[in-house]
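Student: I have just opened this one and would like some help finding my way around it. Could we go through it together, one topic at a time?
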Amino acid sequence: MALTEVYWDHHMPLPKLAPIQAKVTVALVALLCFINSYDGEFVFDDSEAIVNNKVAGIVGRADLLCALFFQLSFLTYCKAFNKDDRFSVQWVVVSLLLCAAAMLCKEQGITVLGVNAAFDVLLICNVNVYELSQRLLLRKNPLDIFRMGLLTRLALMGLGGLLMLYARWRIMGTGPPAFTEVDNPASFAESVFLRIVNYNYYYSLNAWLLLCPWWLCFDWSMGCVPLIKSATDWRMVWLLLLWCILIGLISQALCSQDSQRRRTLTLGLVLLVVPFLPACNIFFRVGFVIAERVLYLSSAGYCLLLAYSLGHCFCRWLLCVMVLALLCVYVVRCALRSHQWRSEQSLFSSALSVCPLNAKVHYNVGKNLADKGNTSAAVSYYREAVRLHPTYVHAMNNLGNILKEKNELIEAEQLLSKAVSIQPDFAAAWMNLGIVQNSLQKFEKAEKSYWNAIRFRRKYPDCYYNLGRLYADQNRHIDALNAWRNATVLKPDHSLAWNNMVILLDNTGNLGQAELIGREALRLLPNDHTIMFSLANVLGKLQKYKESEGFFLHALRINPNAASCHGNLAVLYHRWGKLELAKKHYELSLKLDPEAPGTRDNYNMLRRKLDQLKHSAP
C-alpha cells in the first residue's frame with residue numbers, strides 16, 4: 001500500500017513493500033472491495049416486507065463514498081508532515097473535514113480518526129509499544145513522544161471527533177435503534193460467556209469472508225448462523241485459530257527486532273481492526289450478525305498483511321502463481337455475484353444454499369414468486385419460513401393473504417389470528433383478518449378487527465375502505481358512506497372509495513348527492529375512468545344525456561376496451577333515441593365480452609325495435 005507525497009525523517013523510514021507486494025495489495029484490495037460492495041441491506045415495511053430493490057452497480061455507493069473519503073482523510077493526514085519535525089495544521093483540518101464527509105456517507109467513516117491517531121503514534125513518532133510498556137512498568141522515564149506535536153494533533157482529532165458526534169446526535173437524536181433478537185441473537189444471550197463466545201465466532205466468520213469471500217448472502221439474520229451454546233461445540237476451534245493468528249501478528253508487530261516488519265504489521269493491523277470496531281458489538285449492539293459491507297474498509301489492512309506474509313514465506317515465482325490463481329478465483333466470484341444481483345429471484349435463490357436456516361431468505365423467495373403470480377410455489381416457501389421461525393408474523397400475514405385468495409379461509413383466519421396474537425399492534429394483519437372474517441360472514445369479529453387495525457394505525461385509508469365494504473354488505477349505508485369518506489380524507493386519491501360512494505348513492509336513489517360526490521371526485525382525479533363511468537350512469541338516470549354521453553366517451557378514450565362502458569353508453573343512446581349509435585356500442589360491448597349480463601337482451605330488444613321501425617316506415 002504505497003503512500004505518496006509524504007516526507008519522513010531519516011530515522012523514521014516509511015514501511016515499504018517490495019514492488020510486487022505493493023501490486024498484490026492493490027489488486028487484492030480492489031477485488032475484495034468490489035466483491036463485498038455487492039452485498040447490501042433490504043428495507044422492509046410492516047405490512048408486506050417489500051424489498052427495496054437495488055442494482056449491483058450502485059448498491060454499495062454509500063460504502064464506496066465512505067471508503068473514498070476515508071482513504072483521502074488518511075492520505076491528507078500523512079501529507080501534514082514535513083522533513084523538519086513540523087506538521088501542517090491546515091492539512092490536519094482538511095483531514096478532519098474529509099473524515100466528516102466519510103461519516104456522513106457511513107458512520108463507520110469516523111474510525112479514520114483512530115487510524116490516523118495510531119499511525120501518528122506508532123509510525124510518525126516511531127513509538128515501540130513493547131519498549132514503552134517496559135519503561136512504564138520499571139518506572140523509568142518514558143520516551144519523549146510529545147516533542148513532535150503529538151498532543152496537539154491528538155487534541156485536534158479528539159475535538160473534531162466530538163464535534164462530529166455532537167452533530168450526529170443533534171441530527172439523529174440520542175436513542176439507539178431498537179433491534180430484536182432475530183437481528184442479532186448473540187447480543188440477547190443470557191450468559192455473558194455465551195455472548196463473548198458468539199461474538200468471537202462472528203469475528204472468525206468475518207475473517208473467513210475476507211480470506212475466501214465465497215459465502216455471500218444479502219441477510220445473515222434469523223438463524224442463519226446458529227448460536228454456540230456450549231464450550232464443547234466444534235466451532236470453538238475457529239475462535240482459537242483466529243486468536244492464535246491475531247496474537248502471533250500482534251506479538252510480531254510489538255516485539256519484532258526488525259523495525260520494518262514491526263511497522264508494516266502495525267499499519268496492517270490498525271487498518272484491519274480499527275474500521276471494524278463499530279461492528280464488533282463491544283461498544284453498542286448492532287443490528288446484524290454478519291454484514292459484508294462492514295469489511296469494505298478492513299479489507300485494506302487484510303490485503304496488506306496477506307501480501308507482506310506471502311512475500312516473506314515463498315519464493316517470487318511461487319508467489320506470482322499463487323496470487324494469480326487467487327485473483328482468478330476472485331474475478332470468477334465477482335462475476336458470479338454480479339450475475340446473482342441481476343434480479344431479485346436470482347439474488348434470493350442464491351442465499352438458499354448459503355443460509356438454508358434463514359427464515360427471511362425463504363420469505364423473500366416466496367414474496368418474489370407471489371409477486372410473479374406463482375402463488376402455489378410461494379406457499380411452500382412461506383410455510384418453510386414459518387416453520388423455521390414460528391413467530392414470523394410477516395410470513396404468516398402473506399401466507400394468510402394467499403390462502404384467502406385460494407378460498408382456504410379457515411386456515412387463513414388461523415394464521416392471521418396467530419400473527420396478531422404474537423404482535424398485537426400489527427395493523428396490516430388485523431385488516432387482513434377482518435377481510436377473511438368478512439368473507440366467512442363473521443361480521444361482528446370482522447368489524448372489531450378493522451377497528452383494531454385503525455387503533456394501531458390511525459391513518460389507514462385502506463382499512464376504512466374495507467370497513468365501508470363491510471357496512472355496505474350489512475346494508476348500513478350511512479356507516480359505509482362515513483367510512484369511505486374517512487378513507488378519502490386520509491387519502492384524497494383513493495379511487496375505490498370515491499367510486500363506491502357514487503355507486504352506493506346511485507343504488508339507494510340519492511342521485512343528486514351521487515352527482516355531487518362524483519363531480520368532487522373528478523376534480524381530484526380528472527382522469528379516473530371508473531369514476532367517470534359511475535357518474536355517467538347517474539347523469540343518465542337524471543336524464544342529463546349530453547353530459548352523460550361526454551363522460552362515457554371520455555372514459556372510453558382512456559380505456560377503449562371496457563365492455564361495460566360500451567354497454568351502458570348503448571343503453572344511454574337507447575333511452576335517448578339514438579338507436580344506430582346504441583346498436584354500434586351494443587355490438588362493441590358484445591364483441592369485447594360476449595357474456596356481458598343484460599347486454600345481449602338489450603341488444604335483441606333494440607334489434608326488434610329497429611325491425612319494427614323499418615317495417616312501419618312508408
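Tutor: Let us begin with a term we will need: helices are DSSP runs of H or I with at least four residues, and they are numbered from the N terminus. Please keep in mind throughout that this is a predicted model.

Student: Okay, so how many helices and strands does the protein chain have?
Tutor: The protein chain has 27 helices and zero strands.

Student: And what percentage of the residues is buried?
Tutor: Of the 618 residues in the protein chain, 49% are buried. As for the surface, the accessible area of the chain comes to about 31300 Å², and carbon and sulfur atoms account for 60% of that.

Student: What about contacts, what share joins residues 24 or more positions apart?
Tutor: Among contacts in the protein chain with a separation of 6 or more, 62% are between residues 24 or more positions apart.

Student: Let's do pockets. What is the volume of the second largest pocket?
Tutor: The second largest pocket has a volume of about 1600 Å³. Its lining is made up of 50 residues, and those nearest the centre of the pocket are Y203, S204, A207, W208 and L242.

Student: Which elements give two or more residues to that lining?
Tutor: They are α7, spanning 192-211, α8, spanning 236-255, α9, spanning 259-273, and α10, spanning 295-313. The largest share of the lining, 11 residues, comes from α7.

Student: How do the lining residues divide into nonpolar, polar and charged?
Tutor: The lining of the second largest pocket has 43 nonpolar residues, six polar ones and one charged one.

Student: Back to L242 for a second: where is it found, and is it buried or exposed?
Tutor: L242 is found in helix α8, and with a relative accessibility of 14% L242 counts as buried. If we leave aside its neighbours within four places in sequence, L242 is in contact with N200, Y203, S204 and A207. To take one of these partners, N200 is 42 residues away from L242 in sequence, while their C-alpha atoms are 8.6 Å apart in space.

Student: And how many cavities of 30 Å³ or more does the structure hold?
Tutor: It holds two cavities of 30 Å³ or more, and the second largest cavity has a volume of about 40 Å³. The residues that line the second largest cavity include Y202, Y203, N206, F276 and C280. By class, that lining has 10 nonpolar residues, two polar ones and no charged ones.

Student: Switching topic, which cysteines does a disulfide join?
Tutor: The count comes to one disulfide, and it joins C224 to C355, with the sulfur atoms 1.6 Å apart. The angle about the S-S bond is -40 degrees, and the link of C224 and C355 is left-handed.

Student: Why does the pair tie together parts that are apart in sequence?
Tutor: C224 lies in the loop between α7 and α8, whereas C355 lies in the loop between α12 (344-354) and α13 (359-371), so the pair ties together parts that are 131 residues apart in sequence. Both C224 and C355 are buried.

Student: Then why is C99 too far for a bond?
Tutor: The closest cysteine sulfur to that of C99 is in C66, and because the distance is 9.0 Å, it is too far for a bond. C99 is buried, with a relative accessible area of 0%, whereas C328 is partly exposed at 43%.

Student: I was also looking at α4; why is it largely enclosed?
Tutor: Helix α4 covers residues 112-124, and 11 of its 13 residues are buried, so it is largely enclosed by the rest of the structure. Among the buried residues of α4 are V112, N116, F119, D120 and I124. After α4 comes N126, which has a positive phi near 55 degrees.

Student: What is phi usually like, negative or positive?
Tutor: Most residues other than glycine have a negative phi. Q441 is not a glycine and yet has a positive phi of about 60 degrees; Q441 sits in the loop between α17 (427-439) and α18 (443-456) and is exposed, with a relative accessible area of 61%.

Student: And where is N475?
Tutor: N475 is in the loop between α19 (461-473) and α20 (477-490). N475 is not a glycine either, and its phi is positive, about 60 degrees; at 58% relative accessibility, N475 counts as exposed.

Key. Residues are numbered from 1 along each chain as its sequence is written. This is a predicted model: local features need pLDDT of at least 70, side-chain atom pairs count only at pLDDT 80 or more; totals for chains, interfaces and linings use all residues. Side-chain values use heavy atoms; hydrogens and water are left out. On a 1 Å grid over the protein atoms alone, a cavity is a set of points where a 1.4 Å probe fits but cannot get out, and a pocket is an open set with protein on both sides within 12 Å along at least five of seven lines; lining residues have an atom within 4 Å of a point. Grid points are joined across faces, edges and corners, and a volume is the space filled by probe spheres set on the points. Ala, Val, Leu, Ile, Met, Phe, Trp, Tyr, Cys and Pro count as nonpolar, Asp, Glu, Lys and Arg as charged, and the others, Gly among them, as polar. Buried means under 20% relative accessible area, exposed over 50%, partly exposed in between (1.4 Å probe, protein chains only). Contact means heavy atoms within 4.5 Å. Accessible areas come from the Shrake-Rupley method with a 1.4 Å probe; for residues, only the protein chains shown count as cover. A disulfide is a pair of cysteine sulfur atoms within 2.5 Å.
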